[in-house]
Amino acid sequence: MSTQQPHTLVPSDGLEPAEGTAAPANGEAPSGSSRPAATGPRGGNEKVIRMGTASIPRLITEFAIPSVVGMVVNGSYNIIDSMFLGHAMGEIGLSAVTVANPIMIVFMALSMLVGNGGNALAALRLGEGKRQQAEVALGNVVTLCLVLWVLVAAMAACPPVLDGLLTLSSATDDVRPYAASFIRILCFGFVLQCLSMGVNNFIRTSGAPNMALGTMVIGLIGATAFNYLFVLVLDWGVVGSAVATLCGQAMSCAAVLGYFIFGKSVPMRIRGRYLRPNFRVIGTILAYGFPSFAVQAGLAVVNFVLNYQLVRYGALSPIGAEDALASIGVVNRVGMFTVMPIIGVAVSLQPLLGFNYGARLIGRVRKIYGLGVAGATVIACAEWLFIQLFPAVIAGAFGISEQLVEFTAFALRIQFLMLFVVGFQIVSANYFQATGQPAKSIFLTLTRQIIFLVPLLFFMPHLMPGLSGSTLDGLDALYFATPVSDFLSAFVTAIFVLFELRRLKRMQQVMGKGPTGA
């Protein structure tokens, strides 16, 4: 077989091509080899090389468990804020966090835009044996985090901008001052969240998933302890909860940066010379990260629309607008918590998919994807069963009134009716991102978050009351939009996956005939 480097299947970041050799025809690592053929002479670190040679089930287990636990930890920040504020301040505290939630999701979206995009690029470059280019991606992610922090802090310092965001999020007069204080503090400390989330994934790609988990756990423990102190003991309310969140993020950020600056035997480091912006690399980072950004940005748009609809239809129901916001606050927190383990599986597959796709080990790519979908589906089914069996217990844990618990339990059952298909949809959309096909990933992500869900939020309150014979009002009907959207997006995703699996099969066949295709 020729030693010519196979034609790259990912967008160019403008850096020099790597040396390397073609992958074997069957898409697996060569027998007895310590690294995939495409790794080249600069492949280097054994922790990275084993992603193309070690047992796939073992790798997925090793990477997925810390990633899933880590994403649960990450999602627990909002759960903790809501629980402490719910018990300390009642429905007004939950309503304030609900109003702030879309803006908080935007912060997460920005962190994932630069972090996931840079990590996807680094994984592909390490798979191609380009360690220096992986470090350039890491350095530019740090720079992008600092730039975004300046922009977010400037927004918080401009009262008309912040007031406009609160109006967009449907803040009532009673809730507005609490939500404003909460958001302003998080804006000024946004750099801590951006660095801790954005750079954390690089630890996983460096072959240290347990270390990546440890940096998240440190932050969660700190946030929980400071929430107890500031909210329950010192009675600082929403201000205390926001400061507690920043304290936890600061601890996590310090651990993440310390790994890449002071860690021993790490395949990538944060180096001063690579902090200088490389606009071609930045463009590739943003292209690869946009699907992750779209997931969260779409969720923020949905939250803005949902808050508007809740205030509108809640005012017409016995529950009232503020209690409707408190109820959806509980549902949103549970929703974010349930989707985080699934995203954890998808994120854990990213370095494995990216490395093996970059090394042209197509057989391993197909197996990683299949096992990833199976694992995410098992998690989603377990979550679905728990929510359907114990919705009142879940709702009651947030300190809301008994009347609101009953309505929230109904909302939980309906909104998560199709949760069991969400694992397949999220992992599949992430697959296209990890293999350098961001346009497909973006579209599939938007089907669930925007294309189907937003129109349904306006359509269902008009449709469901008529179909149910007036047993459901407009507020009840809002919760049916999510399961319908989940089903439609999973169906569309399945079509894309079928075509992709055929494409991968053809790639294996062509590679088996040699570079000339003979």
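**Notebook: salt bridges, a helix pair and two buried residues**

I started with Glu 135, which counts as buried at 4% relative accessibility. The model is a predicted one, and I kept that in mind for each entry below.

**Entry 1: Glu 135 and its partners**

I looked up what the side chain of Glu 135 pairs with. Arg 271 forms a salt bridge with Glu 135, and their closest N and O atoms are 2.8 Å apart. I then checked where the two residues sit: Glu 135 is in helix α4, whereas Arg 271 is in the loop between α9 (237–262) and α10. They are 136 residues apart, and the pair links distant parts of the chain. I noted Arg 271 as partly exposed, at 25% relative accessibility.

Glu 135 also meets the side chain of Arg 131 in a salt bridge, at 3.9 Å from N to O. The cut-off for a salt bridge is within 4 Å, so I wrote this distance down with the limit beside it. Glu 135 and Arg 131 are 4 residues apart in helix α4 (residues 131–156), so about one helical turn separates them. Arg 131 counts as partly exposed, with 34% relative accessibility.

I recorded Arg 131, Glu 135 and Arg 271 together as a network of salt bridges. In this network Glu 135 is buried, while Arg 131 and Arg 271 are partly exposed.

**Entry 2: Asp 486 and Arg 448**

I next looked up the pair Asp 486 and Arg 448, whose side chains meet in a salt bridge of 2.9 Å, N to O. Asp 486 lies in helix α19 (residues 481–512) and Arg 448 in helix α16 (residues 438–451), so the salt bridge ties together parts that are 38 residues apart in sequence. Are these two residues buried or exposed? I found both Asp 486 and Arg 448 to be buried. For the model I noted a count of 5 salt bridges.

**Entry 3: α10 against α11**

I turned to helix α10 (residues 279–314) and helix α11 (residues 321–358). Their axes come within 9 Å and cross at roughly 155°. Angles over 145 degrees count as roughly antiparallel, so I entered α10 as roughly antiparallel to α11. The crossing of α10 past α11 is right-handed.

Which residues make the contact? On the α10 side I listed Gln 296, Asn 303, Leu 306, Asn 307, Leu 310, Val 311 and Gly 314. On the α11 side I listed Ala 321, Ala 324, Leu 325, Ile 328, Asn 332 and Ile 343. Sorted by class, the contact has 8 nonpolar and 5 polar residues, and no charged ones.

**Entry 4: Leu 478**

I looked up Leu 478, found in the loop between α18 (474–477) and α19. At 2% relative accessibility Leu 478 counts as buried. Leaving out residues up to four places away in sequence, Leu 478 touches Leu 306, Gln 309, Leu 310, Tyr 313, Leu 457 and Pro 461. Of these, I had already listed Leu 306 and Leu 310 in the contact of α10 with α11. I also noted that the C-alpha atoms of Leu 478 and Ile 414 are separated by 9.6 Å, with their positions 64 residues apart along the chain.

**Entry 5: Ser 348**

The last residue I looked up was Ser 348, in helix α11. Ser 348 counts as buried, at 1% relative accessibility. Setting aside residues up to four places away in sequence, I found Ser 348 touching Phe 63, Ala 64, Ser 67 and Arg 204.

How values were computed
Residues numbered from 1 in each chain as written. Predicted model: local features only at pLDDT ≥ 70, side-chain atom pairs only at ≥ 80, totals over all residues. Heavy atoms only, no water. Axes fitted to C-alpha atoms, helices over the stretch in contact; angles between N-to-C directions. Parallel < 35°, antiparallel > 145°, perpendicular 65-115°, else oblique. Left-handed = near helix turned anticlockwise from the far one by under 90°. Contact = heavy atoms within 4.5 Å. Nonpolar A, V, L, I, M, F, W, Y, C, P; charged D, E, K, R; others polar. Buried < 20%, exposed > 50% of the residue type's maximum accessible area, 1.4 Å probe, protein only.
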